[in-house]
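Let's take a stroll through a small set of topics: the fold, the helices, the charged pairs and the surface. Have the picture open as you read.

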Amino acid sequence: MWWNGQIVGGWAQRADGEVVWQLLTDPGSDATAAIEAEAARLAEWVGEARITPRFRTPLERELVAR
């Protein structure tokens, strides 16, 4: 996830379709609120489809496993 030109976190989609995310830095409350809203919007937009990255990162693997 990008905020003001910086990577501040990452997201993944679990097998059940849930979009999960984690911040790697503290971008502030405005950014956190915007990220929460975008994650909800992404989950709605993706719907029944499942996204599996070709090259999985350690963070994506961690988020999916939780």
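One term will come up again, so here it is up front: a salt bridge is a side-chain nitrogen of Lys or Arg within 4 Å of a carboxyl oxygen of Asp or Glu. With that in hand, look at Arg56 and Glu60, which form such a bridge with their closest N and O atoms 2.6 Å apart. Keep in mind that what you're looking at is a predicted model. We'll come back to this pair once the surroundings are clear.

Now zoom out. The protein has 2 helices and 4 strands, and if you read along the sequence you meet them in the order β-β-β-β-α-α. The radius of gyration is 12 Å, close to the 11 Å that the globule rule gives for 66 residues, so the protein is as compact as a globular protein of that length. If you boxed up the C-alpha atoms along the principal axes, you'd need roughly 30 × 25 × 20 Å.

How do parts far apart in sequence come together? Take the contacts in the protein with a separation of 6 or more: 49% of them are between residues 24 or more positions apart. As for the inside, 24% of the 66 residues are buried. On the outside, the protein exposes about 4,900 Å², with carbon and sulfur atoms supplying 54% of that area.

Next, follow the chain to helix α2, residues 58-65, where the buried residues are Leu59, Glu60 and Leu63. They cover an arc of only 100° around the axis, which puts them on the same side of α2. What does that buried side lean on? The buried residues of α2 pack against β3 (9-13) and β4 (19-23). Turn to the face pointing away from the buried side and you'll find the exposed residues Pro58 and Ala65.

Glu60 deserves a second look. Why does this glutamate count as buried? Its relative accessible area is 7%, and buried means under 20%. Leaving aside neighbours within four places in sequence, Glu60 touches Trp11, Ala12 and Pro53. And here's where Arg56 comes back in: this salt-bridge partner of Glu60 is itself partly exposed, with a relative accessible area of 35%.

How many salt bridges are there by this rule? The count comes to 4. Another one joins the side chains of Glu18 and Arg14, at 2.9 Å from N to O. In this pair the arginine is the buried partner, as Arg14 has a relative accessible area of 17%, while Glu18 counts as partly exposed at 38%.

Then there's the bridge between Glu38 and Arg41, whose closest N and O atoms are 2.9 Å apart. Both residues sit in helix α1, residues 29-46, and they're 3 residues apart, or about one turn of the helix. Glu38 is partly exposed at 42% relative accessibility, and Arg41 is exposed at 54%.

Let's finish on the surface. Which residues make a nonpolar patch there? Trp2, Ile7 and Leu24 do, and the patch covers about 380 Å². Of these, Ile7 lies in strand β2, which spans residues 6-7. Ile7 counts as exposed because its relative accessibility is 53%, and the cut-off for exposed is over 50%.

Technical notes
Residues are numbered from 1 along each chain as its sequence is written. This is a predicted model: local features need pLDDT of at least 70, side-chain atom pairs count only at pLDDT 80 or more; totals for chains, interfaces and linings use all residues. Side-chain values use heavy atoms; hydrogens and water are left out. Patches are made of residues with over 30% relative accessible area and no salt bridge: like charges are joined within 9 Å, nonpolar side chains (Val, Leu, Ile, Met, Phe, Trp, Tyr) within 5 Å. Accessible areas come from the Shrake-Rupley method with a 1.4 Å probe; for residues, only the protein chains shown count as cover. Buried means under 20% relative accessible area, exposed over 50%, partly exposed in between (1.4 Å probe, protein chains only). The radius of gyration is taken over C-alpha atoms; the globule rule is 2.2 Å times the number of residues to the power 0.38. Contact means heavy atoms within 4.5 Å. The arc is that of the directions from the helix axis to the C-beta atoms.
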